[in-house]
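Please look over the chain shown below before reading on. The report that follows works from single residues outward to the elements and cores around them.

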Amino acid sequence: MDGEDRELSLREDSPTEATPSPRLNQRQRVQQQQSSKTGEGSTVEESVSISPQLTKWIKDNAEDLKIRQGDRSWAAGVVNDFRENLLKFLRSSSDQPFFQTAEFLTTGSYFEKVKIHSADEFDMMLKLQAPSRLIMTELDHGLFYRLDLNRATRSPIQAFLLENERTLSSSKVLSEMYRLVRKFLKTYKVPDSRYRWEVNRKLPYSPAVTLSLCRTEDNSEEIISVDVVPALEVHSSQGWPLAVRNGPDVNDWLGKKVRQEIKSLPCYFVPKRLKGRNQGNKEEAKESWRISFSLIEKKIITSHGNTKTCCESNATKCCRKQCLMLLKSLIEGLKQRFPKELDDLCSYHGKTVFLHTLSIRFNDSMWTPQQLPVCFLHLLGCLEDHARRGSLPHFFVSKCNLFSTKVFPRRALAFLVNALEEQRRQNLPLLKPPAPESPLKPVTPSSEQSSLLTAVHSLDTVFMNKMVVVFAVPLFAVALACALFLM
């Protein structure tokens, strides 16, 4: 998945953990920028000097991050066929009626149109409907919960209850999801016989059933990865848990109406274990559910402008998504260069910084395509500031610090700060990480191309034969002369 499923800190850090930075925070800087406007609609100019070389490097890399249309179409076709047939199987499966009403919801960077390099990762949530109102007991400051039925039930969900016949077991739901997917793959065949789907090994803290598309040869590399995440939908009439009921702070950016729409959306829980050594009740941690914001993030990033017309035409385009894609690429490059030191870093850290920056730096005039280098360096500076201060609040659950020392060690955080500073000094060499060739569908030559290649091969053969004759005659003469001389 797109990084959100790495373990996040759910406890507030003590005041001594975050060292205050003498530099201005994001909101202060933007407020100063906005106060310097000379008139409404004027563009905020930041006092940043960027060399022509760095400007070109950033723009060129932003263009290179786009996925080729051929790769996109082929990968989407393969994944869509898998999804549609899996849904048919679940709806017709008589041995597990709870999954018969399931529906797929598309989430993740591919469907947010911020996927980089290759269409090789897809996320999909399998929506499972909760039968009645749930009692949502907060386990760790707003992100993880124990879910209990409000009353006893005889509906199909009872197969996933614990012995108390009230608590919904996340481990049972995920295990059943694995079983059903494996059963489905016994009869399902990829339309292209050169490929097959495999179920990956179950990871302890992942809420997903992860599958890999591989070539049919043995020991072939993964071509496409798909995460299928069972997600329990809580009816919108019940509302969100208290810790997140106010919704994200997007009033200035997207408007109060959009914020209200977000708050009225259904709430989803995914079966993810609460990680950490100091959890009071290990049974509760094992059966915990994490609230998911994937669909809301997709809605926000899709309609990202301060005005409704943003990106509706070439005249109203912005560079917001390009900035996020560049930041994801740099994070990927850093993790490839320093896999051990930055193991805790993931793309969701970049996405969280991006959402915070957009909610503060909200005016569309600050994100014009011409300002791409300035905007990206500003976003990069925000990530550096958050890392330096050891504080990155979750965009939807402010009590959750993604840079808490409990999940992001102080040494790793210091290393990240130094690495970002070094990248800035060296003009971002890791902005373009060394990427392997796309493993997607190989290009097979057409009949015309095959004829042309055959003709070229024939010409090469004739040419080489002539060359052999040309060089063989004088060499034979030289050999004969040497033999006569020695006699």
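In which helix is the place of Leu 377? Leu 377 has its place in helix 11, and the paragraphs below start from this residue in what is a predicted model.

## Leu 377 and its surroundings

Leu 377 counts as buried because its relative accessibility is 11%, which is under the 20% cut-off for that class. Leaving aside residues up to four places away in sequence, Leu 377 touches Ile 50, Leu 54, Ile 58, Arg 424 and Leu 428. Its C-alpha atom is 8.7 Å from that of Cys 323, although the two residues are 54 residues apart in sequence.

Phe 376 touches Ile 58, Cys 323, Leu 326, Leu 327, Leu 330, Leu 428 and Leu 431, with residues up to four places away in sequence again not counted. Ile 58 and Leu 428 thus appear among the contacts of Phe 376 and also among those of Leu 377.

## The nonpolar cores

The largest nonpolar core has 121 residues, and those that touch the most other members are Phe 82, Trp 197, Ile 224, Phe 376 and Leu 416. Helix 11, which covers residues 372-389, gives the most to this core, with ten residues. The core draws at least three residues from domain 1 (67-303) and at least three from domain 2 (310-435).

A second core, separate from this one, consists of seven residues, including Leu 105, Met 125, Tyr 268 and Val 270.

## Strand 2 and its partners

Strand 2 (residues 121-129) has seven buried residues out of nine, so it is largely enclosed by the rest of the structure. Strand 1 (residues 103-107) is joined to strand 2 by five bridges, and the two run antiparallel. Within this pairing Leu 105 stands opposite Met 125 of strand 2, and both residues are also included in the second core.

Strand 2 is joined to strand 7 (residues 222-234) by nine bridges, and here the two strands run parallel. Glu 121 has Ser 225, in strand 7, as its bridge partner.

## Strands 3, 4 and 9

Strand 3 (residues 134-138) pairs with strand 4 in the antiparallel sense over five bridges, and Met 136 stands opposite Leu 147 in strand 4. The two strands form a hairpin with five residues between them, and in its turn His 141 has a positive phi of about 60°.

Strand 4 (residues 144-149) is mostly covered, with five of its six residues buried. Strand 4 also pairs with strand 9 (residues 289-292), in the antiparallel sense and over two bridges, where Tyr 145 has Trp 289 of strand 9 as its bridge partner.

## Helices 3, 5 and 10

Arg 72 lies in helix 3 (residues 69-92) and counts as partly exposed because its relative accessibility is 25%. The C-alpha atoms of Arg 72 and Asp 120 are separated by 8.8 Å, while the two residues are 48 residues apart along the chain.

Helix 10 (residues 347-360) has 14 residues, which at 1.5 Å a residue should span 20 Å, and its end C-alpha atoms are 20 Å apart, which agrees. Of these 14 residues, 14 are buried, so helix 10 is largely enclosed by the rest of the structure. The 16 residues of helix 5 (residues 170-185) should span 22 Å by the 1.5 Å a residue rule, and the end C-alpha atoms are 23 Å apart, which agrees. The buried residues of helix 5 include Val 173, Met 177, Tyr 178 and Phe 184.

## The whole chain and its confidence

The protein chain contains 13 helices and nine strands, and buried residues make up 47% of its 487 residues. Among contacts between residues at least 6 apart in sequence, 70% join residues at least 24 apart.

The pLDDT of the chain averages 79, and 74% of the residues score at least 70. Over residues 4-47 the pLDDT is below 50, and this stretch has 101 contacts in the model beyond near neighbours in sequence. The pLDDT also stays under 50 over residues 441-487, for which the model has eleven contacts beyond four places in sequence.

Note on methods
Residues numbered from 1 in each chain as written. Predicted model: local features only at pLDDT ≥ 70, side-chain atom pairs only at ≥ 80, totals over all residues. Heavy atoms only, no water. Core = buried A, V, L, I, M, F, W, Y, C linked by side-chain atoms within 4.5 Å. Buried < 20%, exposed > 50% of the residue type's maximum accessible area, 1.4 Å probe, protein only. Helix = DSSP H or I, 4+ residues; strand = E, 2+ residues; numbered from the N terminus. Domains from an automatic or database assignment. Contact = heavy atoms within 4.5 Å. Pairing = 2+ DSSP bridges. Expected span 1.5 Å × (residues − 1). pLDDT = per-residue confidence, 0-100.
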